[in-house]
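Here are my notes on this one, as numbered points. Have a look at the structure first, then read on.

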Amino acid sequence: MCALKLVLIVALVTLAAAPAAAQDRPRHGGELVFVVPSSPPSYDAHREETFGTIHPIAPHYNTLLRTDPGDRTGSRVVGDLAESWSISRDGRTYTLKLRRGVKFHDGSEMTSRDVKASYDKIIFPPAGVASNRKGEYVVVEAVQAPDPYTVVFRLKWPQASFLNSLASPWNWIYKADILARDMRWYETHVMGTGPFLFVEHVKGSHWVGKRNPNYWDRGKPYLDGYRAIFMTDSAAQVAAIRGERAMIQFRGFSPAERDSLVQALGKRVTVQESPWNCLILVAINHEKKPFDDRRVRRALTLALDRYQGSAALSKIAIVKEVGGVQAPGTPFATPPQELEKLAGYWRDIGKSRAEARRLLKEAGIPDGFSFTYKNRGIPMPYEPVGVWLIDQWRQIGLNVRQEVVEPAAYYGQVLRPGNFEVAADFQCGYTVEPDLDLYKFQSKEISHSNYSRYTDRVLDELYEKQSRATDPEERRRLIREFERRLLDEEAHYLYTLQWHRIIPHSARVRGWTITPSHYLNQQLDTVWLAE
Amino acid sequence: MAVRPADVSEVAAVGPERRWLAVVRDFARRRPLGAVGAAIVLLNVLVAVGADLLAPYDPLATDYAAMLARPSMAHWLGTDAFGRDVLARIIYGSRTAMLVGFSCAFLGATIGTVIGVASAYFGGKVDLILQRVMDIFLSFPLIILALAVVSILGTGVANVIMAITVPMIPRAGLVARSSALAIREMPYVDAARAAGYRHRRIILRHMLPNVMAPYLILLTAYLGQAILLEASLSFLGLGVSEPTPAWGLMLRGAAVQFAETAPWMAIFPGLAISLAVFAFNLFGDSLRDSLDPRLRTQ
Amino acid sequence: MLRYIVKRLLLMIPTLLAVAVLVFFLMRVVPGDIVELRFAGESAFASKENLDKERVRLGLDRPVWQQFLSWMGGILRLDFGTSMWTGAPILEEIRLRFALSLQLAIMATLIAVLLAVPLGIVAAIKQDTCVDYAVRIFSIAGLATPSFWLGILFILTLLIVFRWLPPMLYTPFWVSPAQNLAQLIWPALAVGYRYSAVATRMTRSAMLEVLREDYIRTARAKGLWEKLILSRHALKNAMLPVLTVIALEFAFLMGGLVVTEQVFNLNGLGLLFVESVAHRDYTLTQALVLLVAFVFIFVNFLVDLAYAWIDPRIRFR
């Protein structure tokens, strides 16, 4: 019975994935109602870190470049406000041509001045203005606007990932005149060029947008408008979709929630799934004994049966794929046969755990050795992953207690001051890109978020080399070397399972494609509603 | 009228060795509901104590081959999302529940009663100040107090006990004070004061025995509340941590997600909580009827 | 009487002040900080320089006593400031949620009273009979059911059996009574049931007390109801503790319904409360605690007035 249900679901999923995109023609009209499991702190995406700002507000804006709304890997860069671009031979000058006739919602024309002002705010903020993403753009020397429809980025050195950075979903283009008057205006107001106009925001309740009749991309958007409903409780979110009071929630649901929606709504629900570019890492504090010993760290990773964990946990939590330092299915992902050579990824778990026990013995760790795993107080998927880890470590004779720490205190009180032995850490990016994903593993002197607190000059050097490698093959090789050192030889950090994004939504919602990031593809210009 | 242990006094004349038995028998006859409650409570305590003997499985042992298994001969109440035996976890969870329940109720009722009696006895400025302090704690939202305690001290059983006890104290204090006030006005207390007896002697000899009834009632009432509060805190993620077996924890996360497909994960721990709280209240209610129908426990 | 009222009103001030001091310092003792949470947290690129800038902006770099004084100064001018999380004025954040919570509290109270008073009276009159047992089991079951459980049960029943879900967005009663009630009646029932359990027990024991008064005991043979009506004064007195319980519960509902609001997705004070604490939004949390404390103290004040009105001796204590 249970197995049959599962088969059915899998069949539905595969069936649903195929016809969602093509075939029928987009239809105009209708209001998209979606649920947002968070709410925006401020309206300014340049400074916020949460999808709670992106989901309701991104439809009011455009970015310079964006990822193709139909690309499931979320990595193909296409133009948004920029029509075309060229890269100089030395890889240090990016010249972008802007579309003409793009209007802000107040009717004024958008020009390169606005783009420059927006990027200057992010990369070179004036004194007193904080910009969180400054660090991502250290490579930029200057942003120039030689004429109203051309923007030039000059780099200090070539960077393989720079085009991706210009497609960041956080870098909305604001109006230069407004920024000149008040750098903080955008925290409480909306004024963009995007496909939808702002209607209202009721705090804690909902956000409403309506169609921009003068949108530069003729014929779009298809929707008359949208309504984003803020809802923190996941059971309430499922109920909203199930009761057909909302059509979609763009962050993701758990497997159990998917199953109950599919069971209840049958054909009226479409399921899209994708590996998710987020994962829980395990930081091992090198400053606490015995975790300064690489044998002990290696034993911790060798104890994990990731393949069985994937099969089991993917039924109950939003984790699934077993992968290395790059999400599976993406250009720099580790091929399975190479992955299997890394410690903790061996196919033979018996051998792996025997090796773990041997290493522990060699390091002088007694059987039943006890330590505390600190976990972040977020139920999904921290809780199941935590329970799984503790159980896995128990199998090599380690006695691990869990201490759950409230999210507000987690980074400030646990990770940053190094107040733990072994603890959950997290990484999540808007695009799968080694520069962004590997940055944190550099030595603690460079990376403020190296919570394992080690210094490893070899890794630093490898990071820099891969970042400047313009030849993909060369870069791939360097990334593998980085990975081997990080996860196997030194076992500085442990990778658990890759997150898995599951979006069951009303079958009426068309023209929206899942990507590995819940930050991407939220402009809603291509989305339409079927009858 | 003073607080008079109405029903119990009638059997108090029997010889000391048979007295308890008689009290119990009398209670069971007059208050069948209360007796049922007491029996369930007793059962609960026994289960908690004998968990090691009773539990069919190790409550921490995972079994990925038997995840979310429905109730069967092998797993009477099914298994949870990690293949852990639900029955074993409920049995061990009763330890957490009883530990939290009894500690909180005992601490909350005792400290509250002491403060309430002192407040009533001394009156005047002492009373006024103690009352204001209690007002402050009473008006402070319970969830904030619990959150503050848990955030400052961290999670874990001892801290959860603290988080639940702190808000109980002023509530117990109020009840104890109003009972004590009534006694304080009694002629014999006035007489004792006039005769120049020490405060301590008057409080111990005359006041405390007379607030024993409300104290016992508070104790039983708080037992149930503490168990429920522990479950709510755990449900909100502020209680004890996995993998410790605890009823509120079992209702959290996966239990909600699988509410339809694997309802046993939510139903049985929920029933365990309800049954325990129900039994404590049933017993407490009848105890109140027996000891003092006038008392206003909340 | 007037002197008594004024005295009681004045007594509220030091209590509120103490609550203000307590919450202010408690929030700062609790580990965790809004800047770290919002801007550093998961970000790999967070820098100390940035965090410091944000701290300066929120005034968190100033010495605690300075922060306290400027906050107290604001309150004296009835200016609660802006939320540290959203930057919006506190009053704007609270207004809408207050309306919802107030309405829900009133509805739950009505349901509770309508259930509790008749049930409690009947149970007392028929003490130790089947009727009494049934009422007690019903009311204790209300106490013993975790509210989150009951809420989930309600939602699932509506969804599975009736294939219908209450509206998700709050519509003020005067805009559309039907929409408004369709959303709020379910949580009101779930909360009201639990609440009625407390009130039923109190009514029952209060009634028992009245029934044990000697003159009623002797008159038991004659029509009990007439006797009850005759002893209106005793009844009025006995109902005071019931009133106390109802008032205390009412105050609790105005900010304590965290789980219920979560399960029913209500934009009320309870959730705002938990969120503001989780965000370490000091200004908002402080304002909310003061608001809830004020409601509590004020409701208590009303109860005391009722006491004083019914039993003038209390005034002179």
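1. Let's start where chains A and C meet. Keep in mind that this is a predicted model. Chain A puts 40 residues into the contact, and chain C puts in 42 residues. On the chain A side, the elements that supply two or more residues are α6 (185-188), α7 (234-242), α14 (407-415) and β15 (422-428). Which of them gives the most? That is α14(A), with 6 residues. As for chemistry, the chain A side splits into 16 nonpolar, 14 polar and 10 charged residues.

2. Staying with chain A, there is an open sheet of 5 strands to look at. Its order runs β8-β9-β10-β1-β11 (chain A), and the pairing is mixed. The edges are taken by β8 (196-202) and β11 (248-249) of chain A; each has a single partner strand, so one side of each has no neighbour in the sheet.

3. Now zoom in on one of those edges. β11(A) pairs with strand β1 (residues 31-36) of chain A in the parallel sense, over 2 bridges. If you want a spot to click on, try A:Phe34, which stands opposite A:Ile248 in β11(A). As a reminder, strands of a sheet pair through backbone hydrogen bonds, either parallel or antiparallel.

4. Chain B is built from helices: 13 of them, with 0 strands. Read along the sequence, the pattern is therefore just α repeated, α-α-α-α-α-α-α-α-α-α-α-α-α, given that helices and strands are DSSP runs numbered from the N terminus. The C-alpha atoms of chain B fill a box of roughly 75 × 50 × 30 Å along the principal axes.

5. How much of chain B is buried? Of its 298 residues, 57% count as buried. Looking at contacts in chain B with a separation of 6 or more, 71% come from residues 24 or more positions apart.

6. One helix pair in chain B is worth a closer look. Two packed helices are described by the angle between their axes and the distance between the axes. For helix α5 (residues 86-122) and helix α6 (residues 124-139) of chain B, the axes come within 6 Å and cross at roughly 145 degrees. From α5(B), the contact uses B:Ile115, B:Ser119, B:Ala120 and B:Phe122, while α6(B) brings B:Gly124, B:Val126, B:Asp127, B:Leu130 and B:Gln131. Sorted by type, the residues of this α5(B) and α6(B) contact come out as 5 nonpolar, 3 polar and 1 charged.

Methods
Residues are numbered from 1 along each chain as its sequence is written. Chains are lettered from A and ligands numbered from 1 in the order in which they are written. This is a predicted model: local features need pLDDT of at least 70, side-chain atom pairs count only at pLDDT 80 or more; totals for chains, interfaces and linings use all residues. Two strands pair if DSSP finds at least two bridges between them. Helices (H or I, at least four residues) and strands (E, at least two) are DSSP runs, numbered from the N terminus. A residue is buried if 20 or more other C-beta atoms lie within 10 Å of its own, exposed if 12 or fewer, and partly exposed in between; C-beta atoms are placed from the backbone. Two residues are in contact if their C-beta atoms, placed from the backbone, lie within 7 Å. Axes are lines fitted to C-alpha atoms, for helices over the stretch in contact, and angles run from 0 to 180 degrees between N-to-C directions. Ala, Val, Leu, Ile, Met, Phe, Trp, Tyr, Cys and Pro count as nonpolar, Asp, Glu, Lys and Arg as charged, and the others, Gly among them, as polar.
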